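Welcome! Take a moment to look over the sequence and the model shown here, and then we will walk through them together.

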Amino acid sequence: MKELMFFDACCRVGDGVERPYPGISGLLADMDHFGVDRALVQHNSAGFLGAENANRILVQMLEKEDPEKRLECVWNLLPSQCGELPEPEAFFSSMKENGVHALTLDPFSHRYIPCRLTLGKYLDEAVKRKVPVFLNCFAGKWDDLYAFLREFPDLYCVVHGGDKWGRDRHLRPLLEAYAGVHVEFSGYWVPEGIADLAKLYGAKRLLYASGFPRYNQGASMLQLKHSGLDAQDIALIAGKNLETMLEESLC
Amino acid sequence: MLKQCLWEKNNTIAQSFWQNGKADFPIYDMHAHMGKHYAIYMARCEAADMIRHAERIGVKRLCFSHYAALYGTDGNEIAAENCRQHPDILRMYVGINPNYPQLMRKELANFDKWRPYAIGLKFLADYHKVKMTDPAYSYALDFASERELPVLCHTWGNSPFNGGPIMLEIIQRYPKVKFFLGHSIFGDWDSAERCIKENDGNVYLELTAIPGERGIIEDLVRRVGSEHILYGTDLPWFDEYQAVGGVVSADISEDDVRNILYRNADNIFGKEW
């Protein structure tokens, strides 16, 4: 969009195990159609591919199919004890080399407990380096998310905003308690709820996200555009917040 | 360099909503509620806030059932009083709980008193745990059939109370009732299609919870045509701009968008209701 820069914080690409999904070209076509400038992408099948494969495949997909570099990928973590990923220092160096500035995890598919014992080495380093960690794996698992954040209270992270039916009773305590918690609002359909959260916790804590390919990118764009917030806050949420987070990552 | 996007195309409905926040036509929101809900914090669940939100985008009629009627015992009169206070926009569905047959008869006896605000009935079978085909609904369905009233039914795919096969059976049993299938039997799109095609034209799919789901509106329009689809938001659950955004974001024609947002309701209720 000419008047606003949109940076979609939650997209998935790549075929799933159960059925094919739109790939990079499908996402880019939708971005053109709706006027989304950039997007952060995870792999639809990271749960089945495994973290290392998903990380590698995502980088390859973007190198091959996104010459204008409108997309950035998110890498998946695993417990440090099994040696499946490089040690933290090497891992974060590799992220930097590959232009990756954000992390996620899939503990329920990859079958480990998301806690300090398993992920502490990586996530302590992520805190130091201000790498945002996307916690959409906890969608609907609020008990687990609360327990996880108790172990990593300083994490710079992005929480999934919900499943259409508003989750303010879950979200607001996290925004109040943890300064590093941000909310991406794919699936956050609460009437004027974006404005309420921005007024309570600051527009810098909120990120535009579509949830592509499940959701189209347009619905939440119009929701944000007419959220009732002023133009400056809308611009932050539409894209500037995520852009800043990724620029500051790994510094 | 980005190409001209949906919101920038001149003289389109999408551009109008983007730039002005509304279009050059009214919107009929055919599925709303009112009042507090046990399971969620809703900041804008009473009439004044709901109306302010809905009017921003150009909603002309906000058709709701009150939670105090669906989960309690006295909500229909509360709904009617809200309509009396806001007659220019609010219309009500009389909430029916089949587990309270005496109350149901009493509320239906008041239906004419609540006209013209009362436009139909609302069934919430998944929550009341009574199958739509159960005789417990017969009195209310006979009532609606005699008057050819709309009945807005909560429906959901695979539900044992208001899933596809059950809805198909009940709509064929009552050809004079105008069935509005709330949520369009979400997820069971084959049944939604059958409910439209295997009846006498008395059934409409209602979109609450669907706009924004990528490709679903397109699929429904392809299956049944936009003439049988109504717009709704479940307000105060869902944001009007999110929902309208989902409709205009769908890859359908502007005629389809108009059908969904207002023309179909016009055809059912007339211009003034």
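## A pairing to start with

A salt bridge, as the word is used here, is a side-chain nitrogen of Lys or Arg within 4 Å of a carboxyl oxygen of Asp or Glu. Please keep in mind that this is a predicted model. In it, Arg214(B) and Asp30(A) form such a bridge, with their closest N and O atoms 2.8 Å apart. Arg214(B) sits in the loop between strand 7 (203-206) and helix 11 (216-224) of chain B, while Asp30(A) belongs to helix 1 (residues 24-34) of chain A, so this pair joins two chains.

Side chains of opposite charge can pair when their charged atoms come close. Over all chains, the count comes to 32 salt bridges. One of them links the side chains of Lys225(A) and Glu3(A), at 2.9 Å from N to O. Lys225(A) is part of helix 10 (residues 218-225) of chain A and Glu3(A) is in the segment before strand 1 of that chain, so the pair ties together parts that lie 222 residues apart in sequence.

## Where the two chains meet

How many residues does each chain bring to the contact? Chain A brings 40 residues and chain B brings 39 residues. The size of an interface is often given as the accessible area lost when the parts come together. For chain B and chain A this buried area is about 3,500 Å², with 56% of it on carbon and sulfur atoms.

The interface of chain B and chain A holds 7 salt bridges. There are also 22 residue pairs in polar contact across it, both residues being at pLDDT 80 or more. On the side of chain B that touches chain A, helix 1 (13-20), helix 2 (47-56) and helix 12 (240-249) of chain B each supply at least two residues. Helix 12 of chain B provides the largest share of that side, 6 residues. By class, the side of chain B that touches chain A has 22 nonpolar, 9 polar and 8 charged residues.

## Two pockets to explore

The largest pocket encloses about 1,100 Å³ of space. Its lining has 37 residues, and those nearest its centre are Arg12(A), Tyr21(A), Asn44(A), Pro213(A) and Arg214(A). Strand 1 (7-13), helix 2 (46-49) and helix 5 (107-110) of chain A each give at least two residues to this lining. Sorted by class, the lining of the largest pocket has 16 nonpolar, 12 polar and 9 charged residues.

The second largest pocket has a volume of about 280 Å³. Which residues lie closest to the centre of this second largest pocket? They are Trp165(A), Tyr127(B), His154(B), Asp234(B) and Trp237(B), out of 18 that line it. Two elements of chain B, strand 1 (27-34) and strand 5 (150-156), give two or more residues to the lining of the second largest pocket. That lining divides into 9 nonpolar, 6 polar and 3 charged residues.

## Enclosed spaces

A search of the whole structure turns up 5 cavities of 30 Å³ or more. The largest cavity holds about 70 Å³ of space. It is lined by 13 residues, with Ala69(B), Asn76(B), Gly95(B), Leu103(B) and Glu107(B) nearest its centre. Helix 5 of chain B gives the most to the lining of the largest cavity, with 3 residues. This lining is made up of 5 nonpolar, 6 polar and 2 charged residues.

The second largest cavity has a volume of about 50 Å³. Its lining includes Phe185(A), Trp189(A) and Tyr215(A), together with Gly212(B) and Gln242(B). Helix 10 of chain A contributes the most here, with 3 residues. The lining of the second largest cavity has 4 nonpolar, 8 polar and no charged residues.

## Backbone details in chain B

A cis peptide bond joins Arg115(B) to Pro116(B), with omega at about 0°. Pro116(B) is in the loop between helix 6 (111-114) and strand 4 (118-123) of chain B. The bond from Leu235(B) to Pro236(B) is also cis, with omega near 15°, and Pro236(B) lies in the loop between strand 8 (229-230) and helix 12 of chain B.

Finally, have a look at Ile185(B): its phi is positive, at about 55°, although this residue is not a glycine. Ile185(B) is in strand 6 (residues 178-186) of chain B.

Notes
Residues are numbered from 1 along each chain as its sequence is written. Chains are lettered from A and ligands numbered from 1 in the order in which they are written. Side-chain values use heavy atoms; hydrogens and water are left out. Contact means heavy atoms within 4.5 Å. Buried area is the accessible area (1.4 Å probe) that two parts lose on being put together, summed over both. A polar contact is a pair of N or O atoms within 3.5 Å; within protein, one must be able to donate a hydrogen and the other to accept it, and residues adjacent in sequence count only if both atoms are side-chain atoms. Helices (H or I, at least four residues) and strands (E, at least two) are DSSP runs, numbered from the N terminus. Ala, Val, Leu, Ile, Met, Phe, Trp, Tyr, Cys and Pro count as nonpolar, Asp, Glu, Lys and Arg as charged, and the others, Gly among them, as polar. On a 1 Å grid over the protein atoms alone, a cavity is a set of points where a 1.4 Å probe fits but cannot get out, and a pocket is an open set with protein on both sides within 12 Å along at least five of seven lines; lining residues have an atom within 4 Å of a point. Grid points are joined across faces, edges and corners, and a volume is the space filled by probe spheres set on the points.
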